[in-house]
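Student: I've got a protein model open and I'd like to take a close look at its cysteines and charged pairs. Could you walk me through that part?

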Amino acid sequence: MWSSQALKRCALLAFASFASAAIKNTDFVVSNAYVAPDGFNRSAIVVNGQTPGPLIAANKGDHLNINVTDLLTDESMNKSTSIHWHGLFQHHTNAMDGTAFVTQCPITSGHSFLYSFDVDHQAGTFWYHSHFNLQYCDGLRGPIVIYDPNDPYRDMYDVDDASTVITLADWYHVNAYFVAAADNPAAILINGLGRYPGGPNTTLSVTTVQQGKRYRIRLINMACKPHILFSIDKHNFTVIEADGQATLPVVVDQIPIYVGQRYSFILEANQPVDNYWIRALPGSYPSNFTNGLNSGILRYEGAPDADPSNKTEPFTSVLGETELHAVGESAVPGLPFAGGADVNINLVSIMDNTTLLFYMNGVIYTPPSTPVLLQVLSGAVSASQLAPQGLVYTLPPNKSVELSIPTEFLNTPHPFHLHGHAFYVVRSANSTLYNYVNPVKRDTVNIGFSNGVDIDNVTVRFVTDNAGPWFLHCHIDWHLQRGMAIVFAENTNGTTKADPVNSAWEDLCPIYNSLPSSEQ
């Protein structure tokens, strides 16, 4: 029933015209400030004075102009920056992807840069964050929502606005450079608020609903390390989106959400007027909900201004990735068997237990001194010509690509994100089945791990229809910092024509390279 209704809605709306496109102008000032989201005061990186940064809201078809001014002064968190628009494909605007040393040189302190790009073929839930060193762990992150005026699920909810965005983040009481590999967050923040063990009873995030209404909740894991087990006491969720891709509705009562992932779900305010715990339990280390840890509040209008009582119940329907299916998508590109794509890549990750560095097919990723895009525009078109050597994979245009990522040498989960694309997850973690008919489509996937007996081999497919260099990396930011990344240089011969750059972009590298390392 769900499937036929969803497909019918999509078919009817496929020919509908969108609302007139608009130009959305936004100014971001990136600076340092002291913040205390969990009651502990520390220096951080803020956007327009806040962390998380302000919501960017636009409609499908809009053009975004986001002027980023860098006023950072704290060298311990780096004074330069860049901002990546996570999940937005940047067709013909690879230079606006915001990935330091892949698509640009960083913006230096005292300077600004205008990110300008279209969102003409995308709608859904996204986010932005620094893509320079470890900055987003220190606060430079925020939500993006691209609304679809012809959303095929519009009749399923009454409210979808800034009040229904829920961000999840980890928070540390030290600079990200001082977080050790074994360190756990001091707190989990929901919409920028939380508590830490032994800390004060600080204000928690409150999401207010009206009994009888239906809400499209947009859930974003903006953490740097842990995946989160998300739930709301006494309420079920109808999931309708994964990473900006519509899915056939599925009803669950808990959502495991890995770093970088997003989900939309319908929340029906069908319970008695009261307060209910919003729970964001970290899945990668032991924790609990004592004294409001890892928690926010769902408050019905008319309920008292008070913490909820404890109403935890066993979960009966935890979301599994294989339950998700893309809406209205044609068959998976390539032939329906393992290795059936035009280009097949097996990516083996190994961590050195002494140095904690990650090898990707035998090579540790280190950022090149010249951004990969600039290398391509300067005439380097083959893998042998592109740095970092051994980690740039050139891909021909308009071909199917299969990427398999075995986890024989990994004993913890890793969320992998691909810039510039969404991919079909034909094999998910914790599964040995391949689905070439109707798998979920998304841009960030948990590749799983090996427990010594079972080995995951997450496999994805995509089509090379977006020229330019695109980063593929683990979204646990310290793992990226220690080498867990590669670059796909797509259609290198066609990148100059497909992705023109402007003079402001060309100025970024000379300005950055003129600075001493302490100022970078």
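Student: Why does the sulfur of Cys 474 have no bond to the closest cysteine sulfur?

Tutor: Keep in mind first that this is a predicted model, so everything here is computed from it. Now to Cys 474. The closest cysteine sulfur belongs to Cys 224, and it sits 11 Å from the sulfur of Cys 474, which is too far for a bond. To be counted as a disulfide, the two sulfur atoms have to be within 2.5 Å. Cys 474 is also buried, with a relative accessible area of 0%.

Let's see what Cys 224 is up to instead. Cys 224 forms a disulfide with Cys 137, and their sulfur atoms are 2.2 Å apart. Look at where the two ends sit: Cys 137 is in the loop between strands E7 and E8, while Cys 224 is in the loop between strands E12 and E13, so the link ties together parts that are 87 residues apart in sequence. Turn the view to look along this link and you'll find -105° about the S-S bond, which makes the link left-handed. Cys 137 and Cys 224 are both buried.

The model has 2 disulfides. The other one joins Cys 105 to Cys 509, with an S to S distance of 2.1 Å. Here Cys 105 lies in the loop between strands E5 and E6, and Cys 509 lies in helix H5, so this pair ties together parts 404 residues apart in sequence. The angle about the S-S bond is 90° for Cys 105 and Cys 509, and that link is right-handed. Both of these cysteines, Cys 105 and Cys 509, are buried. If you number the bonded cysteines in sequence order, the pairing reads 1-4, 2-3.

On to the charged pairs. Side chains of opposite charge can pair when their charged atoms come close. A search of the whole structure turns up 16 salt bridges. One of them is between Glu 519 and Lys 79, at 2.6 Å from N to O. Glu 519 is in the segment after H5 and Lys 79 is in the loop between E4 and E5, so this salt bridge ties together parts that are 440 residues apart in sequence. Check the surface here too: Glu 519 is partly exposed, with a relative accessible area of 26%, whereas Lys 79 is buried at 11%.

Next, find Arg 216, which forms a salt bridge with Asp 151, the closest N and O atoms being 2.8 Å apart. Arg 216 lies in strand E12 and Asp 151 in the loop between E8 and E9, so the two tie together parts 65 residues apart in sequence. Arg 216 is buried, with a relative accessible area of 6%, and Asp 151 counts as buried at 10%. This pair doesn't stand alone: Asp 151, Asp 160, Arg 216, Arg 218 and Glu 241 are linked in a network of salt bridges.

One last pair to click on is Arg 299 and Asp 305, whose side chains meet in a salt bridge at 3.2 Å, N to O. Arg 299 counts as buried, at 11% relative accessibility, but Asp 305 is exposed, with a relative accessible area of 72%.

Terms used:
Residues are numbered from 1 along each chain as its sequence is written. This is a predicted model: local features need pLDDT of at least 70, side-chain atom pairs count only at pLDDT 80 or more; totals for chains, interfaces and linings use all residues. Side-chain values use heavy atoms; hydrogens and water are left out. Helices (H or I, at least four residues) and strands (E, at least two) are DSSP runs, numbered from the N terminus. Buried means under 20% relative accessible area, exposed over 50%, partly exposed in between (1.4 Å probe, protein chains only). A salt bridge is a side-chain nitrogen of Lys or Arg within 4 Å of a carboxyl oxygen of Asp or Glu.
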